[in-house]
Each structure stands twice: as structure tokens, then as C-alpha cells.
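Here are my notes on the model, set out as numbered points. Please read them with the structure open beside you.

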Amino acid sequence: MTALATPLADAFWATSLRRWNAVCWVLFGAMAVGLVTTVPASGSKYEALALLSCVVLCYAVLDRFPGNRVIRPRVYLSALVLALGGLAYLGSSYAALFMVTLPHYWMFGRTPRVSMGFLGLATGATLAGSLIRQGWTAEFFGETMVSTLVVVAVGVLIGLWAHSVVAQSSERARLIEELERTQAQLSEAHQRQGAADERERIARDIHDTLAQGFASIIVLAEAAQAGIHHDPATSAQQLRSIESTARENLTEARELVGSARQPGPGQVAGGSVARTLRRTLDRFAEDTGLAVDADLADLECDQQTRIALLRCTQESLANVRKHARASMVGVVLARRPHGVELEITDDGTGFLVGESTGFGLDGMRKRLAELGGRLTVTSSVGDGTRILAMIPMAGEVEA
């Protein structure tokens, strides 16, 4: 398979052939008229007309019925070689036929090797016929051979140039097609990655909000059920906390559904993050009975930072509730030169950070990384846990 065996090359030669057809029929007709009117009536005249008619007939069949199984392109070129040799021997219009059909070697040969091969055969047949007719004369060397070789040389140069142009165009078309295919694959990959990122974001939000709320409801419901007979006042308070938590979960669910309409990262949310965290800590203290020591700087920040700080607080408190068995929790929110820091500590049982496989810590890290921040977890068995979240806030100022 050559570089020209491409749809672009096929279209080029098909277009060239259609344009040359009209010219060929006119020239074939002119040659026939010339033979009839200028050549004296003799056997050679009729033989020349027969050879020309054979070429015209093969060309007509190939042109009108390109899919036929008899007159194939190489069959036509072979007939053309024989006809040129015969006409050169007869001395009748062989030069005109050579020039008229010169483009056919490149159109029907299709590859440089085949085209050059048939063109060489045609040149040899023409020179052989002329040599037999003229002999080794000055006329043969000075006119026939020189003119034939000049025509052939020009035809070779034009044909090779045309093949080079088509080869470059075919290669360019192939590269464009490959580029378009690569772009389509990249677009599909980006869409898949975007869908995966969105699923991960939704899963993280559900874990940080609804799942934590439901876990709190379960704990409160179990406590209320256990104390409903001997401590009805506490159970009633726990039931009210269950109702409040359920309402908050409903609100969170609505916010998740409408998350596409939330303020963008550059918009300032209403209220300070300190008040938001204070409400979360008060609810945690009320539900768990743990002591909470909070030092919250009154900061204004964008919505994405506020959500990240809130989710980190909720996840950390949920881990304290479920795993730490702590008696006291400390929370510090402060503005630093490099950004905002949120520190959450407890005096619980602690854990081995390197062996942690939970979704919560990984989700916090990813959430902070999206904002250019980082999460530092310090803990050891029996010594409690320290969570430090940092988010850069370039351009923001303290309230």
C-alpha cells in the first residue's frame, strides 16, 4: 500500500481524469480526421486508423465502465504501448498520440513505479518503431529521439510533482484525521473525568452532611429510647435534637440538589464563618454532653472556604463522637499570614494516622486541596488527636 492509495489520491486522479476526458475526445477526433485527410490512401493509413481505433475503444470502455473485468487500467496502458510502437513504425501521428495520452500513465498507473514502468515501455516502443522505420539516421537521432526524450522528461517531471503534491496532501489529511480522532478521545476522557469528579464531589458532600446527620439521629434515638422511662426530660431534649437534625438534613439535601446555583468561589457568603461554626459546636455539645472550648475569630470568607471549614469541622466532630471517647474538644479558628487555620483537638483515645483508611479524612484532604489548602493530622494511641486545616486566602482581609 503506497502513500497515494488513499481516498484523497483517488479523488485527485478521478477529478483529473474527468477533466482530461473532454480534451482527449477532442484530440482523438482531431487525430482521426488528420489521418483520414492528410495520409494518402494505403495499407498503412488503415492500419494506423485501426491502431488508433483500438486505443480509443479501450479508453472508452475503461471510461464508461471502470468496473469491467476485461479492460483494466493496465490493459489499456499495454494497448497504448503497442499502438504507439505501431504508429511510430508506420510514421502516422505517433507523436500526437504520445503527447495526448501522456497524463494517462500517471492517472491509470496510480503509483510512480507503475507509471514510470509503462512510460518507459511506451518510450522504448516508440523509439523502436521509429528506428525500424528510419534506421540509424541523423533524422532519427536529431529529431525523433531528442523530441521523444524531451516530451518524456517533461512528462516524468510533471507526473512526479503531481504525485508529490498528492502524497503531501494525503499525509496532511491523515494527520488532520488523527488529530481530530485524538481530540475526540481527549474530549471523551475529559467528560468521563468530569463525571467521575462530580460523583466524588456528591459522595463527599453526602458523607459530610446527610450521612453525619443520620448517624447523629441514630445515636440520639438510641439514647432517647434507653432513657425514656427513667429520664424523660433528657429523652425529650434528645427527641427535639432528632427533629432539629432531621430538618437540617432536609435543608442540606435541598442545598445539594441546588448546588449548581450556589455562589461561586469569589462571592462572599452572608454571615461570618465563626457564627456558622458556633452553631455546629453548640449542637454537638448539646447532643453529646462533651465540653467544647472554642476560640473562633470573626472572619469573612468566600463561600467555598466557608463550606470547606464547616465540612472539616463536621467530619472531625463526627469522628470524635464515633471513635474518640473524648471528654473535651477544642476548636480554634484563626487568621494567619498565610491564610486561615482551623484546629480541632480532642483528649480521646487517638489512633495511628498511617493506618487510617476512612473516607472522611481523605475527603477533607481533597476538599482542602481543591482550594490550595492542606490537612495535617497528628495523633497517637492514648494521646488524643489534632486536626489542622489550612486554606490560603490571598486578597481577603479580616473583618
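**Annotated spans and nonpolar cores**

1. The UniProt annotation "transmembrane region", which comes from an unreviewed entry, covers residues 20-39, 46-62, 74-102, 114-132 and 144-166. The coordinates discussed here belong to a predicted model, and the points below should be read with that in mind.

2. Two of the annotated spans can be set against the computed geometry. Residues 46-62 are 100% helix and 0% strand, with their end C-alpha atoms 24 Å apart, while residues 114-132 are likewise 100% helix and 0% strand, with 27 Å between the end C-alpha atoms.

3. Helix H5 (112-134) has 23 residues and reaches 32 Å from its first C-alpha to its last, which is close to the 33 Å expected at 1.5 Å a residue. Gly135, which follows H5, has a positive phi near 75 degrees.

4. The buried residues of H5 include Val114, Phe118, Leu119, Ala122, Ala125 and Gly129, together with polar residues such as Ser115, Thr123 and Gln134. In an α-helix, residues three or four places apart point the same way, because there are 3.6 residues a turn.

5. The largest nonpolar core has 38 residues, and those with the most contacts inside it are Phe28, Tyr76, Leu97, Tyr105 and Leu119. Helices H1, H2, H3, H4, H5 and H6 each give two or more residues to this core, and the largest share, 10 residues, comes from H3. Apart from this core lies another, of 33 residues, among them Val273, Ala274, Leu333 and Ile387.

6. Leu119 deserves a separate look: leaving aside residues up to four places away in sequence, Leu119 touches Phe98, Leu102, Tyr105, Trp106, Val152 and Val156.

How values were computed:
Residues numbered from 1 in each chain as written. Predicted model: local features only at pLDDT ≥ 70, side-chain atom pairs only at ≥ 80, totals over all residues. Heavy atoms only, no water. Core = buried A, V, L, I, M, F, W, Y, C linked by side-chain atoms within 4.5 Å. Buried < 20%, exposed > 50% of the residue type's maximum accessible area, 1.4 Å probe, protein only. Helix = DSSP H or I, 4+ residues; strand = E, 2+ residues; numbered from the N terminus. Contact = heavy atoms within 4.5 Å. UniProt positions renumbered as here; feature names shortened; annotations may be inferred. Expected span 1.5 Å × (residues − 1).
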